[in-house]
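Me: I am new to this one. Could you walk me through it with some questions and answers?

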Amino acid sequence: MNRYLYDGTADGLLSSIAWILEEEPDPEKVTLRERMDTLFEEGFTIGTDATLAESLFFRLKQHAPDAAHTLYSFMLAEKEGMETSLLHYVSLAFKHGDKVKGYLTHPAVRDIVNVAKKAGRELHRMKGLLRFEKLQDGAYLAKMEPDYNIINPLAYHFSRRLRAQHWFLYDVKRRTAARWNNGTLQFGTIEQFTTPALSEEEKKVQELWKAFFKTIAIPDRKNPHLQKSNMPMKYWKYLVEKQGE
Amino acid sequence: MDTLAKLQILSGAARYDASCASSGSKREGPSCGTGNTSSSGICHSWADDGRCISLLKILLSNDCIYDCAYCVNRSTNPVERASFSAREVIDLTLDFYRRNYIEGLFLSSAVMQSPDQTMERMVRVAEALRTEEQFGGYIHMKIIPGSSSELVRKAGLYADRISVNIELPSQASLQRLAPQKHKHAILEPMALIGREITTSLVERKASHRAPRFAPAGQSTQMIIGASPENDFQILRLSQGLYKKMNLKRVYYSAYVPVIADNRLPVLAAPPLLREHRLYQADWLLRFYGFSAEEILSDDAPHLDESFDPKTAWALRHPEFFPVEINGADYATLLRVPGIGVLSAKRIVAARRFSRITPDGLKKIGVVIKRAKYFITCSGRSFEKPDQPPALIRQRLLLGESSEAPMSILPKQLVLPGLIA
């Protein structure tokens, strides 16, 4: 059984997978993990090649668009220690096409699909739970602390939705930000974040929303358990309607 | 009155409407405007009753000339009255949408002076949102029964979904509890909407520039437990609405006693369990290939309280089981209690690769707690075969912990049928 190592980057991971699929007669029999540079580390290190990584993703998208989407969602989760599973998953995806997602009796497929599903679920949830605040200069800012690194697809979603607005997304833990202005989307990192002043009307609109949130619930049907299972408390920090409760 | 006070009155008055879906419509937003729609729909929050909030659900006005017995806004109920101006609704929608609080607007209204006058004011709000404000988000509009077909058509051109509430499951109950509403005034616009949707779909196949008509379809709602109809009557009505009127959804709303009236039943609490069972049966109609006549009959016209309708059906039909996991087709798998659409699809997909073992069944995420009495895996049973239904019934009752939260719900004390 051959062991392979890569440099720990996303590009490194994908290009190693591409390399192994090309060179190994039976990719499902080899392992792949991150190089730690320890003394007795065994394995052959594969170099990183961004073009190779990109072409792998592109070929998979042509061959099995659903599986490519799963791969994309899986990468958002930034999971470590699942490289071998991913390698086997991609290999199976080239073999079986999109039907691979039904191969849940295979441990690698199950692991990858489950992680991808969790990341996909948080992305969908965040499309609803993100809250923008209007700043003094008229721009809108939304802060969040998602478990997964979803700022990219999330920003894309809002670029189709809030087109006429100037807005920012800020991932507080990863210190990454997205900005949409005049039809262009940019990504970057923020070293020092200072909360800008809010616009005058912001408080008033937030009060209206809080009032709506309160009265729309039917008092005879109170169900805090259901509320929490649909909207876990870890997201409440930035929810306007859950402040000062 | 300021907007905040109005919002409190007019959202409080709209909360008994069960519909909150924002799905079924996919629209790219206008390039210089605000909003688009996503076909899967998006929930933006969950209220204290656990229901999802995706739309700004409000009435344009709660100042009603009608006197429907079950309604909090009935003209003889001494509640505070308020009406929004079009501007107020538009500003609220846009202010909320820009902050990502909502997916769009759900606009309903009490009947102010006449159905037409009310409907016209509602349509004006939607029109202004779409044309003046370039709003591309979701709009759900209620049709006021009795409004002209011209206004219904206009509403369908601006809204993603339109709905006419059927309110009560029979003409007799309508006459008794909502004497100003008539069956034909409800069913006529429904039929009209159904026809317009079909026409628009055909025209859009020929040309993408043809106007959309209510692309997310039409829905309706009825109140459960305010009138004496049994579950069989209700299910048959829903079945007819799905088949003949092409409705997307029928919503059931457990009757919440908001005011006392001697025409209404006295309930200790809203009949939530009954509502839950009706939704389960409704799902069987729409996604599981069941008919109302299979689920209930004139001899047994009420849904079982202790079992979901599919389990109840399975216990009555031992001849259908056991179902072989590695051989049965999708439609047959769907009839197994505990196997839903997702599980049935997973089983069919996994079978392409290898035979499914009992362990494999768990691995692909199929819960066999209830299913185990009704299936075999490559000929092997999970339980002793040929147990009499009565025994399975008992064992299911003992082991049904997934259904436990429902059993602590308050039960209906007085059946509505008893007070007619």
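The turns below go from the contact between two chains to the domains of one chain, and then to single residues.

Me: Before we begin, what kind of model is this, and how many residues of chain A are in contact with chain B?
Reply: Please keep in mind that this is a predicted model. On the other side of the contact, chain B takes part with 60 residues. The number for chain A is 54 residues.

Me: How much area do chain A and chain B bury between them, and which three residues of chain A supply more of its share than any other three?
Reply: The two chains bury about 4900 Å² between them, with 59% of it on carbon and sulfur atoms. On the side of chain A, three residues together supply 16% of the area it buries against chain B, more than any other three. They are A:Arg161, A:Phe212 and A:Arg221.

Me: Which element gives the most residues to the side of chain A that touches chain B?
Reply: Several elements of chain A supply at least two residues each: α5 (107-129), β4 (132-134), α6 (151-161), α7 (200-215) and α8 (224-230). The one that gives the most does so with eleven residues. That element is α7(A).

Me: How do the residues on that side of chain A divide into nonpolar, polar and charged?
Reply: Let us go class by class for the side of chain A that touches chain B. Twelve of its residues are polar and 17 are charged. The nonpolar residues number 25.

Me: How many salt bridges does the rule find across the interface of chain A and chain B?
Reply: A good example to look for is B:Arg99 with A:Glu202, where the closest N and O atoms are 2.8 Å apart. That distance fits the rule, because a salt bridge needs the nitrogen within 4 Å of the carboxyl oxygen. Polar contacts are counted separately across this interface, with 26 residue pairs found. The count of salt bridges is seven.

Me: Where are the domains of chain A, and how far apart do their C-alpha centres lie?
Reply: The domain assignment gives domain 1 of chain A as 3-123 and domain 2 as 130-242. Their contact takes eight residues from domain 1 and ten residues from domain 2. The C-alpha centres of the two domains lie 32 Å apart.

Me: Which three residues supply 61% of the area that domain 1 of chain A buries against domain 2?
Reply: Between them, the two domains bury about 870 Å², 57% of it on carbon and sulfur atoms. Three residues of domain 1 supply more of its buried area than any other three. They are A:Leu76, A:Glu122 and A:Leu123.

Me: Are the rings of A:Phe132 and A:Phe158 stacked or edge-to-face?
Reply: Start with where they sit: A:Phe132 is in strand β4 of chain A and A:Phe158 in helix α6, 26 residues apart. Their ring centres are 5.3 Å apart and their planes meet at 80°. Planes over 60 degrees apart count as edge-to-face. The pair is therefore edge-to-face.

Me: Which side chain makes a polar contact of 2.6 Å with that of A:Glu145?
Reply: A:Glu145 lies in the loop between β5 (140-144) and α6 of chain A. Leaving out residues up to four places away in sequence, A:Glu145 touches A:Val172, A:Lys173, A:Lys237 and A:Tyr238. One polar contact, of 3.5 Å, is with the side chain of A:Lys173. The contact of 2.6 Å is with A:Tyr238.

How values were computed. Residues numbered from 1 in each chain as written. Chains lettered and ligands numbered in written order. Predicted model: local features only at pLDDT ≥ 70, side-chain atom pairs only at ≥ 80, totals over all residues. Heavy atoms only, no water. Contact = heavy atoms within 4.5 Å. Buried area = accessible area lost by both parts, 1.4 Å probe. Salt bridge = Lys/Arg side-chain N within 4 Å of Asp/Glu carboxyl O. Polar contact = N/O pair within 3.5 Å; in protein donor to acceptor, adjacent residues only side chain to side chain. Helix = DSSP H or I, 4+ residues; strand = E, 2+ residues; numbered from the N terminus. Nonpolar A, V, L, I, M, F, W, Y, C, P; charged D, E, K, R; others polar. Domains from an automatic or database assignment. Phe/Tyr/Trp six-rings, centres within 6.5 Å; stacked < 30°, edge-to-face > 60°.
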